[in-house]
Amino acid sequence: MKKDTQNRIPPKADFPYSVISVNFLIIVILFIIFFYYPNALGEDLYYHLKIASLIKGSGLSVIQDMRWFQLTTWSQYPADLSLGFHLILVPLLTCFSPIVSIKILGITLILLFVNIFYWILHSEGAKVKPLWIFLLLLISTFFLYRLAIVRPFIISISFSLLIFASLIKGKKWLFILTCILFPFFYTGWLQIFILLFFWIASQLLIIRKFRDLSLILIAIISVVAGLILRPDFPNILYLTYQQIVDLLFLNFKGIDLNVGIGQRTADIFFFQDNIIGILLMTVTLLMNYFNFRFLRDETKKITLLTLSLITVFYFIWSIESVRFIEYWIPFSILFTALSVTYFSECEIASRHWSMKLISQMKSGIRDRWIWKVIFVLFLVAISYHGPLYVLKSIKHSKPVTAFQAEAQWLAENTLEKSNVFITSWDSFSRLFFYNHHNNYTVGMDPVFFYLRDPERFWLWRNITEHTCVSTTPIDECPEGMSEPGLIAATIKSQFDSDYIFSNNYSVYFPFVMMMVKNPEIFHFIMSGEGSFLFSIDPSI
């Protein structure tokens, strides 16, 4: 890693004022988005709040016993997949209510991410930095929506940008520090080796030699150090392997694990929402033909080639699993910003037809008011939809009190550590938030359920989704396997549960109706905001 000092544009003297202005505007927008309505996006935040609250009250011993995930490998190998995120939440919970705490943390993490991005732009001499920040946050509605769901993933994006910055700027201390902190905070540390692979591959392609091979060993040692520092080592390593390697293998085999919406493949709406980002990426890839032709600085060429490979890689990965848009958008915008910056620094660039065309366009926009109006209207059109969509989504999300009554009833009327049969894994977070007295069939990620016991996983899916007792995937229920008494007996014997909680998803409607129509077997206890609670008759 050699620090590049040639052809750098000296930082502008007004840098602090630019940063302050950008941060102030973002803070205002984020406070409106997060605090205009009392609700919050997503379900996972309730799990994170509860774990942080338990750590606050009982210390890190809490993560040594994840009994609440009744039938998953998570209870076999207890670990905290988001340890650093929860530790940051602890002091906030001391000062604020849970929902306010998670919203403040969300705003803080987004600001950290944006400022790291801004710092990279500034250090590389990029112009119109506020415009790149504007595009970063608003070019994709889905990306902004994902940012508004407060999760540890935001930390992973920031650490990935820091790893990239340490590579291009030759800051080995930053590389080592980030490699240590990454696995301590979040399980997404595989990104370190993905970025490092593309950086070293780009060196080979540009200068025909491996210049930074030693960084591989440094990264391995640093990541191991970060893992060993965790109180849940080595369990965290086993769960990380399952969450990354086993999940990819299961996806490759086409096994439907009923995972979250963030892991679905891209559909037509994904491409519609990201059409500007896709076009910008395509134009930038084409533009870099000139950069690789005219640039004399090898480090800049390596930087651009690395960014192009990273951008394409994360774009393809986003098509396979849309959650990876959280990496694609930042690296794609950074790719475009640095490509434009480096090209404008080329000596021949000012005489090239492309720069002459750009200069004429700038003069036309500057001299003719109509183009200024069109440009402003374009920016307004981009900036309008994203925040409005997120606000609307928050407005129509479940209220904070959803599932509270059912969870509290279970806490007051059942034995401690008794098991509750739940139909949907994403209902776990809210139930757990209000009641850690009970254990639950599955929670947070159904992958851990499947990996522990595939037959029981399919039994759970078939009972709740097909009202059928079967331990293998089915299209139609075999005769006699949908009897209410058999279903009740199976839930008691195989899931050790006398209580059933179901949310109101349409896929569970036949199962709920079966219980309603058989009150002698399933006793209705209560219904709430999109949920139902039943008990199984003791005679079963």
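**Figure 1. Helix α15, end to end.** In this predicted model, helix α15 covers residues 298-320, which makes 23 residues. From its first C-alpha to its last it reaches 33 Å, close to the 33 Å expected at 1.5 Å a residue. Take a look at the start of α15 too: there, a side-chain oxygen of Asp-297 comes to within 2.9 Å of the backbone nitrogen of Thr-299.

**Figure 2. The whole chain, for orientation.** Stepping back for a moment, you can count 24 helices and five strands in the chain. Its radius of gyration is 26 Å, close to the 24 Å that the globule rule gives for 540 residues, so the chain is as compact as a globular protein of that length. Along the principal axes, the C-alpha atoms fill a box of roughly 90 × 55 × 50 Å. Buried residues account for 55% of the 540 residues.

**Figure 3. A nonpolar patch on the surface.** Here Leu-204, Phe-210, Leu-213, Ile-216, Ile-220, Val-224, Ile-228, Phe-233 and Leu-237 come together as a nonpolar patch, and their accessible area adds up to about 720 Å². Helix α11, residues 214-228, gives the most to this patch, with four residues. Val-224 sits in that helix, α11. Because its relative accessible area is 37%, Val-224 counts as partly exposed.

**Figure 4. A buried pair, Arg-230 and Asp-232.** Side chains of opposite charge can pair when their charged atoms come close. Arg-230 and Asp-232 form a salt bridge, with 2.9 Å between the closest N and O atoms. Arg-230 has a relative accessibility of 3%, so it counts as buried. Asp-232 is at 2%, so it counts as buried as well.

**Figure 5. A salt bridge inside helix α22.** This view picks out Arg-461 and Glu-465, whose closest N and O atoms are 2.5 Å apart in a salt bridge. Both residues belong to helix α22 (residues 454-466), where they lie four residues apart, or about one turn of the helix. Arg-461 is buried, and Glu-465 is too.

**Figure 6. A partly exposed pair, and a network.** The salt bridge between Lys-492 and Asp-498 has its closest N and O atoms 3.3 Å apart. With a relative accessible area of 21%, Lys-492 is partly exposed. Asp-498, at 35% relative accessibility, also counts as partly exposed. Elsewhere, Glu-43, Lys-398 and Arg-430 are linked in a network of salt bridges. The structure holds eight salt bridges.

Conventions
Residues numbered from 1 in each chain as written. Predicted model: local features only at pLDDT ≥ 70, side-chain atom pairs only at ≥ 80, totals over all residues. Heavy atoms only, no water. Patch = residues over 30% accessible without salt bridge, like charges linked within 9 Å, V, L, I, M, F, W, Y side chains within 5 Å. Areas by Shrake-Rupley, 256 points an atom, 1.4 Å probe, with all protein chains shown as cover. Salt bridge = Lys/Arg side-chain N within 4 Å of Asp/Glu carboxyl O. Helix = DSSP H or I, 4+ residues; strand = E, 2+ residues; numbered from the N terminus. Buried < 20%, exposed > 50% of the residue type's maximum accessible area, 1.4 Å probe, protein only. Expected span 1.5 Å × (residues − 1). Polar contact = N/O pair within 3.5 Å; in protein donor to acceptor, adjacent residues only side chain to side chain. Rg over C-alpha atoms; globule rule 2.2 N^0.38 Å.
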